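Student: I should like to learn how to read a few features of a structure. May we begin with the contacts of a single residue?

Tutor: Certainly; let us look at the structure together.

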2 protein chains.
Amino acid sequence: MPAPEIPGQPPFPSNPLSVDHRNEGRFSVSWNHRLRTSRDTLDPSNPVLTDLLPHGEGPVRMIAILDRGLVEARPELPAQVEHWAEANPTLVRLVGEPLTVNGGEECKQDFDVFQQTARAINERGICRKSFVLVAGGGAVLDAVGYAAASAHRGVRVIRMPSTTLAQADAGVGVKNGINAFGKKNFLGVFSPPWAVVNDTNLLTSLSDRHWRSGLSEAVKVALLKNPDFFDTLCSVAPQLRSRNLDTMEHVVQNTARLHMDHIIEGGDAFELEIARPLDFGHWSAHKLEQMTDFGLAHGEAVAIGLTLDLAYGAMMGLLPESILRRTRRCLLDMGFRLSHEAMNNHETLLEGLREFREHLGGRLTITLVQDIGRPIDVHEIDLSVMRRAIEAIQKADINESSRAG
Amino acid sequence: MPAPEIPGQPPFPSNPLSVDHRNEGRFSVSWNHRLRTSRDTLDPSNPVLTDLLPHGEGPVRMIAILDRGLVEARPELPAQVEHWAEANPTLVRLVGEPLTVNGGEECKQDFDVFQQTARAINERGICRKSFVLVAGGGAVLDAVGYAAASAHRGVRVIRMPSTTLAQADAGVGVKNGINAFGKKNFLGVFSPPWAVVNDTNLLTSLSDRHWRSGLSEAVKVALLKNPDFFDTLCSVAPQLRSRNLDTMEHVVQNTARLHMDHIIEGGDAFELEIARPLDFGHWSAHKLEQMTDFGLAHGEAVAIGLTLDLAYGAMMGLLPESILRRTRRCLLDMGFRLSHEAMNNHETLLEGLREFREHLGGRLTITLVQDIGRPIDVHEIDLSVMRRAIEAIQKADINESSRAG
C-alpha cells in the first residue's frame, strides 16, 4: 500500500533516498525595553516602580533579591522593599522575605547564586508572569538574571542596579550570565529584563572606586556615538570625581540611554551577527580583570582598555592622537589609573585577543574610532605595534602620575 | 555649578526628587528556522547537511554530541560522522572525536550532560559561529541544547533527532532545558536551533515503544490544526503500528511542519503571551511522567493526556463525543495504552493543573478542541467532572483491552 497523500502536501517521491523536503521560515520575537531614572523609588509615594506592574489583574507575586554589599551599606533596604510592597497590596504581593545573596564578581564564579535564585523561584511559586526584583551591582544582576531567565524559561525581572557601572551599562543591557572555565560570562543568555529602574540615591553609598567605575563606559559610549556628550564628560570630569550627584545622574542617564538606543535601534540586540561596537576597549579589559583575579574592577579595566586601543589606533595612523590625549585626560580627571603592573605580561594580555575572537566567533573584530562618534571595525591587529602601545601606556601613566603627584 | 545640559536631552529639573525620565522602546530579534527531511544524511553524497553550513568562509569548527542509546543501536555512527566531515574539508572541521553522552530523561535530571557539553565547547574552541551537531532523543537535544544556548550565550546547533517524538515535536521546537526541583523543564531557555535534520533512517533502530511514541503528538497537532491530517492518521494507524517507514516519514514530516508553522506564524514563539495551544493534553501528561518516575514515556503520557482532556470536554458538552471516540480508536490502533494505574491517585494527578498554571504563569489556560481543527482555551476546570473523566478513562481502557484481547 502506498503512503497516503495528505492534502496540501506533496506526494511521496518514488525514490525515498531523494527525499529532501525543504522547509524554512523566518520569525521574530519582540520585547519592550523600559528604563526609568528616579530617586527613592521604594518610597510608597514614588509611582515609578508600581507604574511598571500590570494593572487591573490583581497583585503579581514578587520576590526581592538583594546584593549583600548593598544591604550592608543600607541595612534599611529589606524593610523598605517590604514597606513598599505592603503599601501597594492591589498591585504586588511580596512572597517571603527579601533574599540577600553574595555580590561582586565572586558570585559569578559558580552556580551558588544561580541556584539560590532558581530555588527561591521554585519554592515561592514565582511563575512566568510573576516578578523578581533584583537590586545590586552588575555581577548580582548577571547571576540572578541568568537564573531568572532560565527558571520556567524566563520569569519577569525588574533590575535595580546599585552602582554607576550597572546603572550606566550592564543593567540596561540584555545579557545575563556567570563565569565558567576561567572565562568571564562563559555561560549565559540574552534575555531582556521587564524593566530597569535606576535609583540615583543608591549611588550615594558607593565607595569612591565604585562611584567612579561606571564612568569609563560613559567615555566609551561617548567616543563611539556622541561628540557632544564626550565634550561634556571632559568638562565635568572633576565634578564627577568630587561626587556631584546631579552631574552623575545626568551622565549615567545619558550613558544608559545611548546604550539602550543601541539595543533598540542597532538591529542586532542578541548579537547574532558580527559587529559589537560596544565592546570597544573590552578585549584587554576582560583579560586584565582575569589576570588580576578581578582585583581590577570592570570599569577600571575598561578605562585602561580604551586607552590602549586608542594608543594602538594612533600608532597605526587610524585616528588622530588628540583623541588619545583628550580621553586620557578625561579619565585621569575622573580619577582612573591608566595602567597596571599586570600589563607587563604582554603575551598573556595578548591572549585576550584570541579569547575575544573565540567568544564572538568568526574572524577577529576590534572596534576603534577614527574620530569621536565614528567607530570603525578592525579585523587584524599588528601585534608588534600593540606591544609598543602597551609599553607606551605603561610609561605615559608613570609620567602622568608623577606630574599629578 | 548646575549640571551641564547635554544636547538633545532635557535639562535637569529643579527638584531632583521629581526626576522620572521615562525611556522605552520596542525591539525585535529574528531567526531562521530550517527543517530538512532526508535519509542517510551522513552519507557524503547526500548534500542536505553540508548545504546547511556557511559556504565560502572556510571550514566551520564543529563538535558532535551523540546520545549513548543511539550509538549503542548504531555503533557505526561516530565513524560515519567523522567520515562525513573528512569528506567535506572545505566546509567543516570536526574538533575531536564525537562525544557520547547519556540519554533518556535521566540526562535532564542534573547538570551532568549540560556540563559535559559546556566543557567540550570550551576545550574544543567552539565559538558562536561554530557548530554543535547533536544527534539523539528529545532529552539529549534538550540538555545539550540548553548548554549550547548558554555557552558564549549561544553557539549554533544542528539537531539530528533520532526518535519519532523528537523528529515530530521537540526537535523542531525552540525550547531547551533540564529538570530541577522535581519539575520537568524547570530550567531552560528558548533558543532556536540553526537547523533540524530529520533523518528517517534513524527511526528504523527504535524499539516499538519509541517508534510509537511520537505519534500522539501527531494526533494532537492534527486535532488542533488539520482535520484532513487527522483523517489520514486514523486510516494509516495500523500501517504505523506495523512499522511502515514511508508512512512514518510522511506523518513525522507533516507533524513537524505543522509544529514549525505554529512557531513561525503563531506570533509568539517564545511564549511571552498566554496561549500555548500545543500544550493540549500536556498538563496531565507532564504530571503522569513525573508520577511514574518517567516510566511512562512522554508520548505515551500525551496519548493518555489527550484522551483525558477530550473526555472532560465531552462531559462538559464542549465537544462532540465522536471526537473522543475517534481519537481513542486512532491511538489504540497505533498501539498506545490509554490509561495507567498512576491515574488512580486522582488528587496527585490534579496537582498537575496547579503546576501547569504555575509554569505558564497568570491564570490557568487549558487548550481543548470544540471540533477537529478548532482549538479553544478553557480557563476553569470543574474538578469533580475531571475526576469523573479520569475514572471513565480508566474504565474505558479496561473495556477496550478486554475487547482487543
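Student: Which residues does Gln394(B) touch, not counting residues up to four places away in sequence?

Tutor: Please bear in mind that this is a predicted model. With those sequence neighbours left out, Gln394(B) touches Ser339(B), His340(B), Glu341(B), Met343(B) and Asn344(B). Gln394(B) itself lies in helix H15 of chain B, which covers residues 383-404. One of these partners, Asn344(B), also makes a polar contact with Gln394(B), side chain to side chain, at 2.8 Å.

Student: Does Gln394(B) count as buried or exposed?

Tutor: Buried means under 20% relative accessible area. Gln394(B) has 10% relative accessibility and therefore counts as buried.

Student: What span should helix H14 of chain B have?

Tutor: Helix H14 of chain B holds 15 residues, 346-360, so at 1.5 Å a residue the expected span is 21 Å. The C-alpha atoms at its ends are 22 Å apart, which agrees. Among the buried residues of H14(B) are His346(B), Leu349(B), Glu355(B), Phe356(B) and Leu360(B). Just after H14(B) comes Gly361(B), with a positive phi of about 90°.

Student: Which turn and shift lay chain A on chain B?

Tutor: Two copies of a chain are related by a rotation about an axis and a shift along it. Here a turn of 180° with a shift of 0.0 Å along the axis lays chain A on chain B, with an RMSD of 0.0 Å. That is the relation of a two-fold axis. In chain A, Val29(A) has the C-alpha nearest the axis, 2.8 Å from it. Both copies use the same surface, as 100% of the contact residues of chain A recur in chain B.

Technical notes:
Residues numbered from 1 in each chain as written. Chains lettered and ligands numbered in written order. Predicted model: local features only at pLDDT ≥ 70, side-chain atom pairs only at ≥ 80, totals over all residues. Heavy atoms only, no water. Helix = DSSP H or I, 4+ residues; strand = E, 2+ residues; numbered from the N terminus. Expected span 1.5 Å × (residues − 1). Buried < 20%, exposed > 50% of the residue type's maximum accessible area, 1.4 Å probe, protein only. Polar contact = N/O pair within 3.5 Å; in protein donor to acceptor, adjacent residues only side chain to side chain. Contact = heavy atoms within 4.5 Å. Least-squares fit on C-alpha atoms with pLDDT ≥ 70 in both.
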